[in-house]
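Hello,

Here is the structure I promised to hand over. Please have a look at it first; my notes follow below.

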Amino acid sequence: MVDLKSCTLEEITDLMRSMGESSFRGKQVFTWLHKGVRSFDEMSNLSKTLRGKLTETCQLTPPTVARKQVSQLDGTIKYLWELSDGNCIETVLMRYHHGNTVCISSQVGCRMGCAFCASTIAGKVRDLTPAEMLDQVLFTQIDSGVEISNIVLMGIGEPTDNLDHVLRFLELVNHPDGLNIGMRHISLSTCGVIPGIRRLADLGLQLTLSVSLHAPDRETRDRIMPVNRAYDVDDLFAACHDYFKKTGRRISFEYAMIDGVNDHDWQADLIAKKLRGMPGHVNLIPLNDVVESPFKPSKRIAEFQKRLESHGLTATVRRSLGGDIDASCGQLRRKAMQEKGEIAGC
Ligand code: SAH
């Protein structure tokens with residue numbers, strides 16, 4: 001079966017031709033798919049015969065809402081979607097002044113093993129298809145009635161560990177006949193997989209790259225992020241400098257503040273030293289307490305921010321949204337898994 005929604009307009013047009021249809025059918029089908037139809041029968045301007053052929057040879061994999069939590073504090077909505085194979089993923093809709101932002105997942109689970117993160121505890125189950133990433137944006141918009149203007153790839157999974165599908169998703173979501181969300185409205189976050197960063201640099205996309213730094217020194221980063229043993233932090237800084245040189249785009253460094261682990265002044269000084277020559281932005285994240293994790297939130301966020309600023313760096317503290325719901329990555333899926341007594345899926 002062809003996963004039709006993961007196809008480009010050109011591929012769908014070729015398929016229409018191979019079915020003996022005129023090429024303009026390609027655009028009609030593409031437009032329907034990107035409007036969020038759940039079956040080929042809803043494509044009312046296609047002949048019954050063509051709809052039948054598509055149903056026989058192609059598949060659509062729309063998710064269903066398994067759980068939905070709405071924050072009474074700020075309107076943040078968290079979705080737990082059930083995918084067509086029964087696996088579950090999370091999507092969060094956040095309402096910011098600069099636009100409505102959806103945070104999407106790129107994999108079912110994650111194999112990066114960061115010690116403080118709920119998404120990775122049970123490992124990776126599988127990659128998401130481009131269609132499954134697109135559907136998170138589309139069906140969040142349809143279900144909530146909120147128009148989405150920004151996307152962040154910061155949900156469950158490591159985007160660079162599923163980069164081919166992620167790149168295809170970006171092409172689709174950016175398409176003028178689809179949701180038409182501009183690259184400058186999209187952020188992609190990585191835990192520091194250097195080949196992925198280099199590939200993105202070569203492509204020169206206008207998206208914003210976020211790098212989950214969390215520690216500027218090898219010892220600490222090795223301890224909390226196993227990826228550092230494969231891609232050392234000094235090589236990561238070098239790749240970031242190259243990325244900036246190639247793309248001219250400022251990188252955003254994510255930094256979850258962990259009590260007594262990565263919140264020392266010397267670490268702020270080291271960040272400043274390593275970022276010299278590049279207009280970095282450090283985004284300090286109050287650590288979300290994950291039940292299974294030994295780490296506790298830092299009490300030194302303001303001091304650390306000042307220390308970074310004293311070196312001329314831009315440092316912000318992430319405003320926490322959805323404080324009354326399980327809004328941080330991986331927690332809702334994890335809860336659902338535990339309630340069902342399952343290790344993988346949901
Ligand atoms: N795999 C990608 C994207 C998903 S995680 C990455 O690592 O960048 C999105 C962000 O949330 C990352 O910066 C991640 O390190 C951070 N994060 C994970 N668990 C967290 C926690 N308990 N508290 C605060 N931030 C956390």
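**The ligand site**

A polar backbone atom of N288 sits 2.9 Å from a nitrogen atom of the ligand. Keep in mind that this is a predicted model. The protein buries 93% of the 530 Å² that the ligand exposes when taken alone. Two elements each give two or more residues to the surrounding shell: strand 10 (186-190) and strand 12 (252-257).

There are further polar contacts to look at. S189 places a polar side-chain atom 2.6 Å from an oxygen atom of the ligand. At G157 the backbone is involved: one of its polar atoms is 3.0 Å from a nitrogen atom of the ligand.

How many residues surround the ligand? The count is 17, and the closest are F116, S189, S212, H214 and N288. By type, the shell holds eight nonpolar, seven polar and two charged residues.

**The sheet**

Now the fold around it. An open sheet is built from 10 strands, with mixed pairing. The order is 3-4-5-6-9-10-11-12-13-14. Strand 3 and strand 14 (314-317) are the edges, and each pairs on one side only. From one strand to the next, the twist averages 20°.

Strand 10, which gives residues to the ligand shell, runs parallel to strand 9 (residues 150-153). Three bridges join strand 9 and strand 10. One pair to find on screen is L153 with its bridge partner L188 in strand 10.

**The strand 3 edge**

Which way do strand 3 and strand 4 pair, parallel or antiparallel? They are antiparallel, with six bridges between strand 3 (residues 64-70) and strand 4 (residues 77-82). V65 has W81 of strand 4 as its bridge partner. Six residues lie between the strands of this hairpin. Within the hairpin, G75 takes a positive phi near 80°.

A helix also packs here. Helix 12 (residues 331-340) lies across strand 3, strand 4 and strand 5 (88-96). Its direction is about 145° to strand 5.

For a first pass, I would open the views in this order: the ligand contacts of N288, S189 and G157, then the sheet, then helix 12 across strands 3, 4 and 5.

Best wishes

How values were computed:
Residues numbered from 1 in each chain as written. Predicted model: local features only at pLDDT ≥ 70, side-chain atom pairs only at ≥ 80, totals over all residues. Heavy atoms only, no water. Pairing = 2+ DSSP bridges. Helix = DSSP H or I, 4+ residues; strand = E, 2+ residues; numbered from the N terminus. Near = heavy atom within 4 Å. Polar contact = N/O pair within 3.5 Å; in protein donor to acceptor, adjacent residues only side chain to side chain. Areas by Shrake-Rupley, 256 points an atom, 1.4 Å probe, with all protein chains shown as cover. Nonpolar A, V, L, I, M, F, W, Y, C, P; charged D, E, K, R; others polar. Axes fitted to C-alpha atoms, helices over the stretch in contact; angles between N-to-C directions. Contact = heavy atoms within 4.5 Å.
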